[in-house]
Amino acid sequence: MKTKLLPLVAACLVASPAFAADPIGNLFNEGSLTGQLQLFDFQRDFDGETTDRHDTSFGGLFYLKSGEANGISFGTSFASANPIWDSNSDGIYGLVGGGAPGSMAERQSVNRLQEYFISGNWYDTKITVGAQELRTPMMNPFPLRAIPFTYRGASIKNTSIENLSIQALYITDYMGWTEEGFKSVAQGVKGEFARKGMMVDVEDNPMLAIGVDYTLPFESVKTKSSFWYYSMEDVYNQFHIKFDISGNLGATNWYFKPSYLKQDSTGLLDQSIAQFDTYQAGFHLGMQWNGFDATVKYVKTGDGDIVAPFGDDKVIIQQVVQSSRANEDGYAAQLAYNFAPDSALSGVSAYVNYASYQIDGDSSKDIDETDFSVIYDLAKFVDGLSVRARHAIVNYESGDDLTDTRFYFYYKFAIK
């Protein structure tokens, strides 16, 4: 089923006998409009000759969804990121359009239809066809800039068995952070290798996926499990397994989150210079107590780089660096604190996160990063308003060290 068939599938859903007999008024009376206005300022400064980057953007995300009429519903959303205060002499950061990160070019607004879909919901099974945001381990919004990734295709989710959800995807196209038109997922994979300096042909096939999430029916030790398998014919296959185990120990709450990702190139890509066969395994181990949340993390990556053009669930993800390189060991520790609701700093939460990335046998590629983050939820003053500041210090054993500073202002709203 290619993209051209999607409107036909949507038309068949609308023309179904169930839809014809339905209270059309539900589509409007039970609809909702949600979203957020957002002002971002991102700046990256290098110690060496690399061009500094700085963008400030204003825009937002606006989601309009209808109610259901005999299981049928519609949805659309709009995304916008517009450059403001564009008087600096730094390169583009990537919040808005106009060029690649680091390039000296005129910044351009990004305004696009983020989603447009029709859904059918019958027998605990929801079918969605069209452009839609996804939230799976290796295809997700990738929310690192002003506008999240979005995808086009079909998705199915069944929840007919208690504690179990089964999902399937058929995805043909995607839009990244600053694009105003969809591109094939094949172009996304090709771009991932191009950023590493490898120009390869990638077969124009859809990404297929199936995922199972199951929560074990235990009370003393809560256990959630997730298994996802993705396949793109003649390109690559991958599976991702993750467990989320937690429980109480006296006045503390402990958690353990191990995960394993396996990736292999297939078909024609496997016969090219871009062929790969790699994995990533690691865990988070932490404890929460009286507002504190302390976590240690470890990850090991196999002898190939992780391929992740559509978002991912890597074990260590920091403000600038993520665990993704071949033959890499990553060690991290994070300490977070949430101020109590009855304290003078109610609504404030903060963390410091340090990680060291070491390449086996080549210490010249070692990296360490320290992140600081403070979030202030101002809902007690203005419902939906929050601010956040982040600062990262990144040191490379060889290469330009950098600092990365980000400010976020959000105003979220909902009309139902």
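In which loop is the place of Asn70? In this predicted model, Asn70 sits in the loop between β2 and β3 (72-83). The legends below start from that residue.

**Figure 1. Asn70 in the loop between β2 and β3.** The backbone of Asn70 has a phi near 50°, a positive value in a residue other than glycine. Asn70 counts as partly exposed because its relative accessible area is 36%, and the limits for that class are 20% and 50%.

**Figure 2. Asn327 in the loop between β14 (292-301) and β15 (328-338).** Asn327 is not a glycine, yet its phi is positive, at about 55°. With a relative accessible area of 32%, Asn327 is partly exposed.

**Figure 3. Domain 1 and domain 2 of the protein chain.** The chain is divided into domain 1, residues 22-112, and domain 2, residues 123-288. A distance of 23 Å separates the C-alpha centres of domain 1 and domain 2. Across the boundary, 18 residues of domain 1 are in contact with 14 residues of domain 2.

**Figure 4. The second largest pocket and its lining.** The volume of the second largest pocket is about 1200 Å³. Its lining consists of 44 residues, and those closest to the pocket centre are Phe142, Pro143, Leu144, Arg388 and Arg390. Sorted by class, the lining of this pocket holds 19 nonpolar, 12 polar and 13 charged residues. Domain 1 (22-112) and domain 2 (123-288) each give at least three residues to the lining of the second largest pocket.

**Figure 5. Strands that line the second largest pocket.** At least two lining residues come from each of β1 (32-46), β2 (53-65), β12 (252-265), β16 (348-359), β18 (385-396) and β19 (402-415). Which strand supplies the largest share of the lining of the second largest pocket? That share belongs to β1, with 5 residues.

**Figure 6. The largest nonpolar core.** This core has 30 residues, and the ones with the most contacts inside it are Met139, Tyr151, Val189, Phe193, Met232, Tyr236 and Phe310. At least two core residues are supplied by each of β7 (164-175), α4 (185-194), β9 (207-215) and β10 (221-232). Helix α4 provides the largest share of this core, 4 residues. In soluble globular proteins, nonpolar side chains tend to be buried together.

**Figure 7. Contacts of Phe193, and a second core.** Leaving out residues up to four places away in sequence, Phe193 touches Met198, Val200, Leu269, Ala274, Phe276 and Val307. A second core, separate from the largest one, has 13 residues, including Tyr63, Ala81, Val96 and Ile147.

**Figure 8. Met175 in strand β7.** Is Met175 buried or exposed? Met175 counts as buried because its relative accessibility is 1%, whereas the limit for buried is under 20%. Apart from residues up to four places away in sequence, Met175 touches Arg112, Leu113, Phe149, Thr150, Glu180, Gly181 and Phe182. One of these residues, Phe149, is 26 residues from Met175 along the chain, with the two C-alpha atoms separated by 5.6 Å.

**Figure 9. Phe243 in strand β11.** Strand β11 covers residues 236-249 and contains Phe243. The relative accessibility of Phe243 is 35%, so Phe243 counts as partly exposed. Phe243 is in contact with Lys224, Ser225, Phe256, Lys257 and Pro258, once neighbours within four places in sequence are set aside. Arg44 is 199 residues from Phe243 in sequence, and their C-alpha atoms are 35 Å apart in space.

**Figure 10. The largest cavity and its lining residues.** How many cavities of 30 Å³ or more does the count give? The count comes to 1 cavity of 30 Å³ or more. The space in the largest cavity is about 30 Å³. The residues that line the largest cavity are His240, Ser259, Leu261, Gln280, Asp313, Lys314 and Val315. By class, 2 of the lining residues are nonpolar, 3 are polar and 2 are charged.

Key
Residues are numbered from 1 along each chain as its sequence is written. This is a predicted model: local features need pLDDT of at least 70, side-chain atom pairs count only at pLDDT 80 or more; totals for chains, interfaces and linings use all residues. Side-chain values use heavy atoms; hydrogens and water are left out. On a 1 Å grid over the protein atoms alone, a cavity is a set of points where a 1.4 Å probe fits but cannot get out, and a pocket is an open set with protein on both sides within 12 Å along at least five of seven lines; lining residues have an atom within 4 Å of a point. Grid points are joined across faces, edges and corners, and a volume is the space filled by probe spheres set on the points. Ala, Val, Leu, Ile, Met, Phe, Trp, Tyr, Cys and Pro count as nonpolar, Asp, Glu, Lys and Arg as charged, and the others, Gly among them, as polar. Domain bounds come from an automatic or database domain assignment. A nonpolar core is a set of buried Ala, Val, Leu, Ile, Met, Phe, Trp, Tyr and Cys residues joined through side-chain atoms within 4.5 Å. Buried means under 20% relative accessible area, exposed over 50%, partly exposed in between (1.4 Å probe, protein chains only). Contact means heavy atoms within 4.5 Å.
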